[in-house]
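Biologist: I have a structure open and would like to learn how to read it. Could you take me through its features one by one?

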Amino acid sequence: MSKAPEAMSKAPEATTKAPQPLSTAREPQPRTLVHSASQDPDDFAVQISDQIESFIVAVTEVARGAEPDSAVPFLLLEVSQLLLAGGRLGAHEDIVPEERYEPDLGPEQDVDELRERLAALLDPIDVYSEVFDPYEPRKAPVACRISDDLADVVTDLRHGLAHYREGRVTEALWWWQFSYFSNWGSTASGALRALQSLVAHVRLNQPLEDLDGLDTDADLADDSLEEAAGKVMAEEIAGPLGLRPVQ
């Protein structure tokens with residue numbers, strides 16, 4: 001690192017003094033900017049924030065609908081990569097925020113448009129059934145929507161990213177870790193299973209159950225889910241989704 005101009009003008013003896021012990025006083029935390037050139041790319045916080053921002057950008061771009069044929073495979077890839085970041089946060093020791101109370105970020109950014117665009121793009125395979133807690137015995141599956149899940153995940157991630165962009169790195173990591181355990185981790189995992197199942201049905205040339213009539217507002221048990229299902233072959237959605245079934 002080059003010396004500042006004023007340091008270069010000091011007398012030679014000033015630069016040959018014995019090194020002084022580092023101060024134990026806490027330095028104020030500098031503002032951290034995403035993709036700042038001064039950041040260490042190997043730093044844990046930088047890697048997590050990059051993965052999170054990449055996911056938000058990618059999902060937003062998919063929702064624009066410019067390439068509907070590749071939407072499902074691309075979402076499968078992006079959610080998988082996001083859950084890698086979530087796994088790293090989950091395996092990390094508990095992150096404790098520096099402040100007792102979370103600083104006010106103002107109103108949350110609206111995700112209704114993102115949700116609606118994804119719902120239109122993923123129709124008619126947006127709805128799927130999911131069990132929230134696999135360790136809770138005999139829990140009936142409930143109807144969920146991939147579009148709702150992705151919008152919900154983006155909301156959680158944006159909240160932490162706002163802290164990160166304001167230089168509150170520890171606060172951002174704490175929020176991402178906490179919300180991973182409490183919400184977006186399981187939500188993204190459910191969406192991933194639905195996306196992976198959809199791609200697998202098409203690639204393996206297996207029929208899909210018809211989700212017409214399956215409503216997320218209804219409290220459906222196993223039998224109700226089966227009764228609501230019809231017969232839609234995988235090849236009927238393979239073309240629009242850009243997937244090629246196994247011959």
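What follows is a short walk from the overall fold to a few local features.

Modeller: Happy to. Keep in mind from the start that this is a predicted model.

Biologist: Where do I begin: how many helices and strands does the chain have?

Modeller: Begin with the inventory of elements, then look at their order. Here the chain has eight helices and four strands. Read from the N terminus, the elements go α-α-α-α-β-β-α-α-β-α-β-α.

Biologist: And what share of the residues is buried?

Modeller: Of the 247 residues in the chain, 36% are buried. The accessible surface adds up to about 15,500 Å², and carbon and sulfur atoms account for 52% of it. You can also ask how far apart in sequence the contacting residues are. Taking contacts between residues at least 6 apart in sequence, 74% link residues at least 24 apart.

Biologist: Can you show me one pair that is distant in sequence?

Modeller: Try Asp148 and Thr187, which are 39 residues apart along the chain, while their C-alpha atoms are 9.3 Å apart. Asp148 sits in helix 5.

Biologist: Is Asp148 buried, partly exposed or exposed, and why?

Modeller: The class depends on relative accessible area: under 20% is buried, over 50% is exposed, and partly exposed lies in between. Asp148 has 28% relative accessibility, so it counts as partly exposed.

Biologist: Now the aromatic residues. How many aromatic pairs are there?

Modeller: To read a pair, look at the distance between ring centres and then at the angle between the ring planes. The count here is six aromatic pairs. One of them joins Trp174 and Phe178, a stacked pair with 5.4 Å centre to centre and 5° between the planes.

Biologist: Why does that angle make the pair stacked?

Modeller: Because planes under 30 degrees apart count as stacked, and the planes of Trp174 and Phe178 are at 5°.

Biologist: How are Trp174 and Phe178 placed along the helix?

Modeller: Both belong to helix 6 (residues 169-203); they are four residues apart, so about one helical turn separates them. Trp174 is partly exposed, at 22% relative accessible area, and Phe178 is partly exposed too, at 42%. Phe178 also pairs with Trp175; that pair is tilted, with 6.1 Å centre to centre and 50° between the planes.

Biologist: What about Trp175: buried or exposed?

Modeller: Trp175 is buried, because its relative accessibility of 15% falls under the 20% limit. Trp175 and Phe178 are three residues apart in helix 6, about one turn of the helix. Put together, Trp174, Trp175 and Phe178 make up one aromatic cluster.

Biologist: How would I read a pocket? What is the volume of the second largest one?

Modeller: Take volume, then lining, then chemistry. The second largest pocket has a volume of about 240 Å³. It has 13 lining residues, and those closest to its centre are Gln109, Arg158, His159, Ala162 and Arg165.

Biologist: Which helix supplies the largest share of that lining?

Modeller: Helix 5 does, with five residues. Helix 2 (44-63) and helix 5 (146-165) each provide at least two residues of the lining. By class, the lining of this pocket holds six nonpolar, three polar and four charged residues.

Biologist: One last thing: which residues does a cis peptide bond join?

Modeller: For this feature, read the omega angle. Asp123 and Pro124 are joined by a cis peptide bond, with omega about 10°. Pro124 lies in the loop between helix 4 (112-122) and strand 1 (127-130).

Conventions:
Residues numbered from 1 in each chain as written. Predicted model: local features only at pLDDT ≥ 70, side-chain atom pairs only at ≥ 80, totals over all residues. Heavy atoms only, no water. Phe/Tyr/Trp six-rings, centres within 6.5 Å; stacked < 30°, edge-to-face > 60°. Buried < 20%, exposed > 50% of the residue type's maximum accessible area, 1.4 Å probe, protein only. 1 Å grid on protein atoms, 1.4 Å probe; cavity = no way out; pocket = protein on both sides within 12 Å on 5 of 7 lines; lining within 4 Å. Points joined across faces, edges and corners; volume = space filled by probe spheres on them. Nonpolar A, V, L, I, M, F, W, Y, C, P; charged D, E, K, R; others polar. Contact = heavy atoms within 4.5 Å. Areas by Shrake-Rupley, 256 points an atom, 1.4 Å probe, with all protein chains shown as cover.
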